[in-house]
Each structure stands twice: as C-alpha cells, then as structure tokens.
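Here's a quick tour of a protein and the molecule it holds. Have the structure open and click along as you read.

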Amino acid sequence: MMTPHPQQAALEHSLRDPEGFWSNPAERLHWHRKPSKALTRQSKTLPSGVQHEHWSWFADGEISTTYNCVDRHVSNGLGDQVAIIWESPVTQTTEKFTYKQLLDEVEVLAGVLREEGVRQGDVVIIYMPMVPAALIAALAITRLGAIHAAVFGGFAAQSLAQRIEAARPRAIMTASCGIEGAKGPVSYRPLVEGAVAASKFKPSKVIVWQRDQLRWNHPDKLGGQRNWQRLVKSARMRGIRAGPVPVKSTDGLYIIYTSGTTGLPKGVLREAGGHAVGLELSIRSLFGIRGPGDVMFCASDIGWVVGHSYILYAPLLVGATTVLFEGKPVGTPDAGTFWRIVEKHAVNVLFTAPTAMRAIRKDDPNDNLIKEVGQRGGLKSLRALFLAGERSEPSIVRAYQDLLTQFAAPKAVVVDNWWSSESGSPITGLALNSQEAISTGSSAKTERPLAVRPGSAGLPMPGFDVRIVDDEGNEVPHGTMGNIVMAIPLAPTAFTSLFEDEERFYKGYLKRFNGQWVDTGDAGLIDEDGYVHIMSRSDDIINVAAHRFSTGAIEQAILAHPSISEASVVGIPDSLKGHLPFAFVQPRASAEYPDPLSAIPSPQLFKEVNALVREQIGAIASLGGMIQGRGMIPKTRSGKTLRRVLRQLLEHGAEGQYDASVSVPPTVEDAEVVEIARGKVREYFEKKTKAKL
Ligand code: AMP
C-alpha cells in the first residue's frame, strides 16, 4: 500500500483517535485551567422529548481567547512583532499595531466596557466597518468573558434589528460611518437608530467610533450613546484597564448570524476552547501560517465567519501578522490593489472569495496588474491563494494557478476550500503543512500539498468526517452525487448548537437524517481519491458574492410591496457574483400600476421592489431580475413552493431553450402551473432580447 499523504494521515488519525489527536495542539495554548480530556460525548434530551447525541471539546478546561491571542505573545517576548496592519485605500491610510500596542488598546477598551456595564456572559453586538477598532472591540469583549455578535456593516436596519432582538445585547459597538468602495462614507447613524427603534429589545449602550470622514454627533436619540474615543481617553487617564477573564471551554465566544431556511437568521454559537485549539491548528496546517514573521491577508469582512477566523483570531493565535483591508478588490483604486498589498507587506497567504477574483479579471482581463507586480518580483512571498465562500470554477483556479506558478513562491498553490459559518474553519481544502497537525512542536518541514484538482474543494480537514448520502441517509458509492453530511462529533472549531435554541439546532441540522448525520445543506460527491466536489445548495438558500441568503427572507421583503400578493425567489447564475436573486411575482388583482400582465414588470415596480430588498436585507442582495405573472408559482400538494422548477425554467430560458424539460416532482399540485411559468419565462427572455436588438 502507498504511504498516505500527511493530510490523509492527519485526517485518519483525527477520526480514529480524536482524544489523542486534539490533545496535542491543545498543549500549545495557555489554559487558565487545563482540560483533563479533549472529547466528551453525551446524550441530550430536548424540551420536546427528542434525544440526540451531543459532544463537547475540552469540557472542563478554562481559557481566555484574548490572552492567547495577545498577552501570551507579549509575555513570550514577541511584543514588538506586528500584529495588525490596517490597509485602507479608501481613506489612504496604513496603520500598524505591534502585539504590545494591541495589548495596551485591548486592556483599556476592556476597562471601558466593564465601566459601561459589560459582564461575563453578556452579548455585545459589533456593527463596524473594517477599521482596527473593530478587531480591538472583539478582543476586548472576549477579554471580559462576554460574547460578541458581529453583524456585517453593510446590513440594512431591519436585518440589524432582527439580530438585536435575537441576541439581546447589553451594548452595540459601531462607527459613525462605513466607506463602501470608492463611493464615499455611508452614515451608520440612521441604520443603527432605525434598528434600535424597530427592535423590541433596547440595548442600554451604543458606543460610537467617530470617523473624521463623517461624524455622528448629538443629539443622543438612543439614550445610552457614547463617544468611543472619549471613553478610551478618559479610561487611559484614570489608569482603567481590565485583565483577561477566563471562561469555560464550552462557553460562547461569539455568535454569528447566518441565513436559515426560514426568514429568521440562525445564531451559530462558537465555543471558546474548541475554537482556539481547532483554529490554531488550521492556520498552521492548512494555511501554513505558523507564527511570528508570517503574514496573512484575508480580504473578507469581520461580519462574516471567514473574517472572524482568518482576519482576527487565527493569525493572532499563532503570533503572526494579519492584514486588515478596508477596500474592494476593484475600484479602490483599481484591480491591482490586492497584488500591491501582497508586495508591500510580503504577504504569504491571500484568502478571498472567487467573486473577488472574477471582479478583478473583469476589470483587468489580461492580468496586466498582477503581472506588473509579479514581474518586479512582488509576489515572491506568496505561498498560496485560498478561495472560499462559493464554488471556484476550474477556469479561475487554472488562471491563478498559472499566474502563481509564474510569479509567486516556488510550489505556490490555489486552494479552493469549503466551509460555513457552522464549521468555523474549512471542512475541506488542501493543506500546505499537515506535518504540523501530526507532529509536536513546530519544526515540521515544508511539504508538498496534495495535487490541486480544479473543480474540487480538496479533502477533509482533521476532525471532519464527511460523507455523501442519499435522501434516506444511506451512504452512496464514490463518484455519486448526494447530500453532503458529517458524522458526530464535528471538529472543535464547529458549532455544537445554536445560540439559546437547541430545538432549532436539532430541527435544522440533525432531524433530516434522524440524528445520525449533521446536514450541511450542500450537495456534491466524493471521488475515488477522496476529493470532495461541492455542487449546489438547497434552493432555500442562495449564495450571492460568497454570502448566504435565504430565499424566504428575500420573498418576505418583496411581499412588503402593496401590489404583490405572491413571490418566489431563486438564484440565477451570474458571471461576477456566482448567483443573483431573481423573483417571480404575482401582482394583486387590485394592483394599479402599468403593465400588470406583461412578464417584464414596469421599471417603477422593479425599482420599488428592489428598494424593499435593499432596505430589509441589504444592497448585496439586490435582485438580478423579476418576472411577473398570475398563477405561475408551482407548489407541492403540501404547499411548498417548487423553487427548483422555477430555477430550471429560468436557467433554460437564459439559454433560449424554452421547451427543455424540467424535473417536476409527482407531488406537484397542478402541473399546468409549470407550463404557465414556462410561457412567462419565454415571454420575458424574448422581450429582453428584442429590447437589446
Ligand atoms: P456561509 O456560512 O455564509 O459562509 O456559507 C456557507 C456556504 O457557502 C456553504 O454551505 C456552501 O454552500 C457555500 N460554500 C462555501 N465555500 C464553498 C466552496 N469552496 N465551494 C462551494 N460552496 C462553498
């Protein structure tokens, strides 16, 4: 038999002997109380009487994640290493924080928050742009043993209000404005005030980071409005600081809200101990970022899980340098910005979403800007380009693999990696240094990762037991498409429940396969070499520019329009964003607006509906198109909308194949409705084509 590759050996070890495997990396962290064992399995009984298997990591340990990310490195003499580099092309600023400076900022801000009433176990919402204060806030909240809930700064007031109601935060930490690309500052004030007004729960404090580009001044409409910088200045003068408060390993570190199949967002709860151990291992082994001197540039947002893990916690856990980027892949000022940052800070790993690479290639189709930097040797430090958030099409992987081979470090690779808010770190990928996972210490040699297979998201990472099953939960042979599920326990970075909602955790993830498997919601296959290929998600969720949105939530926003009685939203492929939401709407019989019978809605209606989506969900979920008609939304006999059928009709229609067959399940209530929808799709595309000619 051939010797397994280190990544396969690490995976095999982690699944065969989770106790032995995870005890080893746990040793590298500082525990206020050392755990006596890694894994505990038990059975849980829900209030509804359902019993299911549950697990915990390092259950009797106590830990401070902030201590491990900051204090520990300063105590180890690494205080002068750079922890954070802030690159903000939109404000033309570069700022650096050493670990010593970061500790100072975090200690003082934690002192401020304690004075403002934040205590262990409280929730604090972070609604911030990509400024260092956002990272300092998260670390300060964590330092007090409180739980942060970051909400993407681009979310609309209503989305923020939902999250305020769900998290019931003691305080909100926010900023006077965000700066979206080259568009200039966007005031956060109406968004936050609108959200607090709309929420039944009122946080007692709103702490505002004032930015010079657009200030948030008096009057204080919220009651507990505070000026962040002023509080810090005052605390500093009075010598107010807070030390690290350790929490139980199974206590919450943060909540991240993600789209569920119903309109209400799901609060994925990250637990302190497992997160620290699993994430530290993942950045070392998968990303090959091992410690001081290594530079990670994760061009995501701290509102998303990728940002939590690889902008904030993982690089700091190993004492590396993280690049925090306030800008866009294009337009700030151009499509070369990523490459110039790589050059300027000798970045070793760049992590972004495929949608960013598509945007870059659209603006720079001949790759001139990357070549310009590459030809002067500016990409030599780059060991890998990691892509996640949605499927990377083989053409993108190949194009960047060619460019890296030409200009980056020897053997640099493009790594498509698959994961989710629930998993906390990649479930699959190609590890740059699996030796790190299996050996003690950090003296492992660089190894050759498993070969890149474009179109696949690599092999499972340690602790993730990935299987493909049919709808009954039976495993299918290699190469067969099916539901992607995981066996319990999940790896330590992953969730073990939803915030204060064990029932929904069971219903959303375990019930479908009777508690035997954790459902990922994704479909795909595993080939004979063990590579996992991710194909699609259920139609309840669509992926727009690498972010998850619930079609149900978008439908709800559309239905707020007085002229619309029914709506169904599906994802349509988009060359830039992967997918765009597309709506089928039925006008009310009484609706009075132009052309209610035409498949193409009037521009005014489209504009109004889109405004609702932008207002209630966020601009990122703007509709890519809309078809109107009556009696065209097919349903099952039990009343479930057959979005898949509409999506197929639309995909065929976009290619002019109006008569192509679609798979209509036998449970359809009225097959005639599908034919009406087909007619509408044809009318829509024919009219659009004519309008273009
Ligand atoms: P989120 O929790 O918002 O990060 O979304 C997670 C979902 O994004 C996954 O369940 C997948 O549907 C999708 N996703 C993430 N990474 C990939 C990838 N590399 N390939 C395909 N889909 C992905």
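Before we start sorting residues, here's the key: Ala, Val, Leu, Ile, Met, Phe, Trp, Tyr, Cys and Pro count as nonpolar, Asp, Glu, Lys and Arg count as charged, and the others, Gly among them, count as polar. With that key, the lining of the second largest pocket comes out as twelve nonpolar, 16 polar and 17 charged residues. Keep in mind that you're looking at a predicted model.

**The second largest pocket**

- This pocket has a volume of about 1,300 Å³.
- Its lining is made of 45 residues, and the closest to the centre are Arg512, Asp519, Ser538, Asp539 and Asp540.
- Which elements each supply at least two residues of this lining? They are strands S24 (482-486), S25 (518-526) and S26 (532-537), plus helices H16 (502-510) and H19 (643-654).
- S25 provides the largest share of the lining, with six residues.

**Around the ligand**

- The ligand has 16 residues around it, and the ones that come nearest are Asp416, Ser421, Asp522, Arg537 and Arg548.
- Sort that shell by class and you get four nonpolar, six polar and six charged residues.
- Start with a nitrogen atom of the ligand: it sits 3.0 Å from a polar backbone atom of Gly389.
- Now try the side chain of Ser421, where an N or O atom is 2.7 Å from an oxygen atom of the ligand.
- The side chain of Arg548 also has an N or O atom that is 2.7 Å from an oxygen atom of the ligand.
- How much of the ligand does the protein bury? On its own the ligand exposes 500 Å², and the protein buries 93% of that.

**Salt bridges**

- You'll find 47 salt bridges in the structure.
- One of them pairs Glu280 with Arg28, and their closest N and O atoms are 3.0 Å apart.
- Glu280 is in helix H9 (residues 272-285), while Arg28 is in the loop between helix H2 (18-26) and strand S1 (39-45), so this pair ties together parts that are 252 residues apart in sequence.

**Cavities**

- The count comes to six cavities of 30 Å³ or more.
- The largest cavity has a volume of about 80 Å³.
- A set of 13 residues lines the largest cavity, and Trp22, Gly278, Ser282, Met461 and Pro462 lie nearest its centre.
- Which element gives the most to this lining? That's H9, with four residues.
- What's the class mix in the lining of the largest cavity? There are eight nonpolar and five polar residues, and no charged ones.

**Backbone details to look up**

- Thr332 and Pro333 are joined by a cis peptide bond, with omega at about -5°.
- To find Pro333, go to the loop between strand S17 (321-325) and helix H11 (337-344).
- Another cis peptide bond runs from Ile488 to Pro489, with omega near 0°.
- Pro489 belongs to the loop between S24 and H16, and S24 and H16 each also supply at least two residues to the lining of the second largest pocket.
- Lys411 isn't a glycine, yet its phi is positive, at about 65°.
- Look for Lys411 in the loop between helix H14 (394-407) and strand S20 (413-416).

Conventions:
Residues numbered from 1 in each chain as written. Predicted model: local features only at pLDDT ≥ 70, side-chain atom pairs only at ≥ 80, totals over all residues. Heavy atoms only, no water. Near = heavy atom within 4 Å. Polar contact = N/O pair within 3.5 Å; in protein donor to acceptor, adjacent residues only side chain to side chain. Areas by Shrake-Rupley, 256 points an atom, 1.4 Å probe, with all protein chains shown as cover. 1 Å grid on protein atoms, 1.4 Å probe; cavity = no way out; pocket = protein on both sides within 12 Å on 5 of 7 lines; lining within 4 Å. Points joined across faces, edges and corners; volume = space filled by probe spheres on them. Salt bridge = Lys/Arg side-chain N within 4 Å of Asp/Glu carboxyl O.
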